[in-house]
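Thanks for passing this one along. Here is a short colleague's note to read beside the model.

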Amino acid sequence: MATQLKYRNELKFFVNIHQYRIIRQRLKNLVTYDQHAGPGGEYHIRSLYFDDINNKALYEKLAGVRDRVKYRIRIYNVTDNTIHFEKKIKFRDYIAKLKEPLTREMADQIMAGQYECLYQPDKPLMMELYHEMKHKLLRPKVIVDYVREPYVCANGNVRITFDKELRTGLHSTDLFNRNLLPVRAIDENLIILEVKYDEYIPDYIKIALQLEGLSRQSASKYVMCRKFLKYNTWEDQ
């Protein structure tokens, strides 16, 4: 399975509304909208993150463990048209992603703790998830909700996204609930800028982004949204 992994660089920053508008204006003539963006140049992402009985993904991130993984089911625009179970891998300063499509029926079963549908010996990721759920009690933990404005640049295979209105589903793990009222997880003036690329960022993109002056963002969306769940003492420290 390791041979299939495509590792990419990932940089994350917090930007305010003013910085966002300036950067977006600079990018307009340099990059194109991602083909999946809607008429307004955006789409909605909702992910249901999983963690095991020991909250391994959460504590490894908080402890600064460099190499780690996260599991999530992701949907778009709160529909069941496209559903993926994803494994996000962090290795040093690089990221990779593996994913398998799910049917709505499978997703509902998994959310209900019925993971037998994952037992598919010809699919390594499905088997990995099956064993994580059976032996380490991997279970749904929190919904992460936001609006993404995505841009792409073929030169360097660069992907630039502005993630807005980051919200947490708090204790609800009902991924397909259109009536969910998620709570804002960061300051309303903050937007998360993510830059992913293969080998390099073209100089004209670097100049437009001016990343040196921005605030590097260390906390993951998963951690930011989990912090709203008052389960553990660390959350009040």
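The points below cover the pockets first and then one helix.

1. A word on the basis. This is a predicted model, in which local features need pLDDT of at least 70 and side-chain atom pairs count only at pLDDT 80 or more, while totals for chains, interfaces and linings use all residues. Numbering starts from 1 along each chain as its sequence is written, and side-chain values use heavy atoms, with hydrogens and water left out.

2. The largest pocket has a volume of about 820 Å³. Its lining has 31 residues, and R74, K97, K99, R148 and R159 are the closest to the centre. (A pocket is an open set of points on a 1 Å grid over the protein atoms alone, where a 1.4 Å probe fits, with protein on both sides within 12 Å along at least five of seven lines; lining residues have an atom within 4 Å of a point.) By class, 16 lining residues are charged (Asp, Glu, Lys, Arg), with 10 nonpolar and five polar.

3. The second largest pocket holds about 380 Å³. Among its 18 lining residues, E10, K61, R68, K90 and S218 lie nearest the centre. Strands β1 (8–16), β4 (68–76) and β5 (83–91) each give at least two residues to this lining, which divides into 11 charged, four nonpolar and three polar.

4. K61 also belongs to helix α2 (residues 56–63), where A57, L58, E60 and K61 are buried (under 20% relative accessible area, 1.4 Å probe, protein chains only). These buried residues pack against β3 (43–51), β4 and α6 (221–226), with contact meaning heavy atoms within 4.5 Å. After α2 comes G64, with a positive phi near 80°.

Conventions. Points joined across faces, edges and corners; volume = space filled by probe spheres on them. Helix = DSSP H or I, 4+ residues; strand = E, 2+ residues; numbered from the N terminus. Buried < 20%, exposed > 50% of the residue type's maximum accessible area, 1.4 Å probe, protein only.
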